[in-house]
Amino acid sequence: MNRKNGFSLIELLVVIAIIGILAAIIFPVFMRAKDSAYRAGDLSNLNAIRNALQLYRADQEAYPPQILGYASYYDPGMTQLIPANNLHQALYPKRIDSINTMKPAYDRAGNSDLVAAHWPNKDPRPLGSAPVKDLNGDGQITLADDNYPDARQFYGPDTYFTADPTLYYGTTNSSLATMFYAVSGYDVGEVKIAPTGTRVELRYALRWTNYTISQGGSINDDPRQLIYSNPPDDTVITWDSWFRDYDGGNVVQREKRDIVLFLGGSARPFDSADINDRSWRVTP
C-alpha cells in the first residue's frame with residue numbers, strides 16, 4: 001500500500017493559530033510605526049508652515065488671513081473652481097512648493113473638495129478662574145487678569161466662520177460661511193463630536209476675541225493673536241487634530257496626540273483634551 005504524507009487537521013489548525021497570533025502581534029506594531037511616520041511628517045509640515053509665515057510677515061509686516069487660501073474660482077460667477085494645487089496664493093507655491101505640505105497625513109480630501117468651518121470650542125472654565133496672561137498690566141498673572149469677557153474667544157461651534165468683515169467673522173447661516181479647501185488641514189480640521197458625527201473646525205485665525213473681532217483691539221485684550229503687531233512666542237498659530245483618540249462616545253481622550261504650532265519654537269505634541277476644550281487659549 002502507498003502511504004500518502006500530509007498534514008493532519010490538528011497540525012493545520014496549529015499552524016493557522018500560530019499565524020493568527022503572529023498577525024495579532026505584528027499588525028499593531030506596523031500600525032504604530034505607520035502612525036509615528038505620519039506624525040513625523042506632519043510635524044515637519046507644521047514647521048515648514050511656520051517658517052513660511054515668518055517669511056511672509058517679514059515681507060508684508062503682517063500675517064496672511066489664511067494659510068492656503070479661501071476657495072478661488074476662474075470666473076466671476078464662481079462656477080469654475082480653481083483646484084488647490086493650481087492656486088497662486090500667499091504661501092503656496094511661492095514659499096511652500098508642495099500642496100502636500102498643507103495636507104495632514106490622515107487628510108484624504110481631494111484638491112477640489114470644499115468645506116465650511118465652525119469656530120472651535122471655547123474655554124469652558126468660568127470667567128475669573130483661568131488667567132493665562134497679565135492683561136491688567138500689574139506685572140503678575142492673577143485671577144484679576146481673567147475678568148475681561150471680551151478677551152475670551154468670542155464665537156463657538158454653533159457659529160460658522162466667514163471672512164466677510166461686515167458679519168464680524170461669524171454667521172449661523174451656512175450659506176454665508178466662507179469655503180475652505182479641505183486639503184488645507186491646518187486652516188481647518190475635521191473632528192468627531194459626541195455622541196456621533198463629525199464637524200469641520202477653524203484652526204488658523206488672525207483674531208478670535210471680541211476685542212479684535214468687533215472693537216478693533218484693546219490694551220486689556222489677550223495679545224496672543226496674529227492680528228497684533230508683535231504677538232508673544234506662546235501664541236497658537238494652528239494645531240493638527242487628525243491624530244486624536246476618542247472613546248466609544250466620541251469624547252476626546254486625554255493623550256498627547258494633537259500637534260500644536262506655537263509662534264516661538266517648533267511644533268510639539270500636546271494634550272488633545274486641552275486643545276479641544278480651550279483652542280487658542282492653551283499655553284505651552
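# A walk through the salt bridges, rings and loops

Asp 123, Arg 125, Asp 146, Arg 152 and Arg 281 are linked in a network of salt bridges. That network is a good place to begin, and one thing should be kept in mind along the way: the model shown above is a predicted one.

Let us stay with the charged side chains for a moment. Across the structure, the count of salt bridges comes to 15. One of them pairs Asp 59 with Arg 95, and their closest N and O atoms are 2.5 Å apart. Asp 59 belongs to helix α1, while Arg 95 sits in the loop between α1 and β1, so this contact ties together parts that are 36 residues apart in sequence. If you find these two residues in the picture above, you can follow the chain from the helix into the loop and back to the contact.

A second salt bridge joins Glu 201 to Arg 199, with 2.9 Å between the closest N and O atoms. Are these two partners buried or exposed? Glu 201 is buried, because its relative accessible area is 2%, under the 20% limit for that label. Arg 199 also counts as buried, at 18% relative accessibility.

The next pair, Arg 254 and Asp 271, has its closest N and O atoms 3.2 Å apart. Arg 254 is in the loop between β5 and β6, and Asp 271 is in the loop between β7 and α3 (272-278), so the salt bridge ties together parts that are 17 residues apart in sequence. The two ends have contrasting surroundings: Arg 254 is exposed, with a relative accessible area of 55%, whereas Asp 271 counts as buried at 14%.

The strands just named bring us to a sheet. It is open, has three strands in the order β5-β6-β7, and its pairing is antiparallel. Which strands stand at the edges? They are β5 (236-240) and β7 (268-270); each has a single partner strand, so one side of each is left without a neighbour in the sheet. On average, neighbouring strands here are turned by 35 degrees against each other, direction ignored. Looking at one pairing in detail, β5 and β6 (residues 258-262) run antiparallel and are joined by four bridges. Within this pairing, Val 236 stands opposite Phe 262 in β6.

Now for the aromatic rings. The structure holds 13 aromatic pairs. In one of these, the rings of Trp 119 and Trp 280 have their centres 5.9 Å apart and their planes at 70 degrees, so the pair is edge-to-face. These two residues come from distant parts of the chain: Trp 119 lies in the loop between β1 and β2, and Trp 280 in the segment after α3, 161 residues apart. How accessible are they? Trp 119 is buried, with a relative accessible area of 0%, and Trp 280 is buried with a value of 0% as well.

Both tryptophans belong to one aromatic cluster, whose members also include Tyr 70, Phe 154, Tyr 155, Phe 161, Tyr 169, Phe 180, Trp 208 and Trp 239. An aromatic ring can also have a charged partner: Arg 39 lies over the face of Phe 243, at 5.3 Å from the ring centre.

Finally, let us turn to the backbone in the loops. Where do the cis peptide bonds occur? One joins Tyr 92 and Pro 93, with omega at about 0 degrees. Pro 93 has its place in the loop between α1 (9-60) and β1 (114-116). Another cis peptide bond joins Ala 194 and Pro 195, where omega is about -5 degrees. Pro 195 is in the loop between β3 (188-192) and β4 (198-202).

Two further loop residues are worth finding. Glu 61 has a phi near 60 degrees, a positive value in a residue other than glycine. Glu 61 is found in the loop between α1 and β1, and is exposed, with a relative accessible area of 70%. Tyr 168, another residue other than glycine, has a positive phi near 55 degrees. Its place is in the loop between β1 and β2 (179-181), and Tyr 168 is partly exposed, with a relative accessible area of 43%.

Technical notes
Residues are numbered from 1 along each chain as its sequence is written. This is a predicted model: local features need pLDDT of at least 70, side-chain atom pairs count only at pLDDT 80 or more; totals for chains, interfaces and linings use all residues. Side-chain values use heavy atoms; hydrogens and water are left out. Buried means under 20% relative accessible area, exposed over 50%, partly exposed in between (1.4 Å probe, protein chains only). Two strands pair if DSSP finds at least two bridges between them. Axes are lines fitted to C-alpha atoms, for helices over the stretch in contact, and angles run from 0 to 180 degrees between N-to-C directions. A salt bridge is a side-chain nitrogen of Lys or Arg within 4 Å of a carboxyl oxygen of Asp or Glu. Rings of Phe, Tyr and Trp (its six-membered ring) pair if their centres lie within 6.5 Å; planes under 30 degrees apart count as stacked, over 60 as edge-to-face and the rest as tilted. A charge sits over a ring if NZ of Lys or CZ of Arg is within 6 Å of the ring centre and within 35 degrees of the ring normal.
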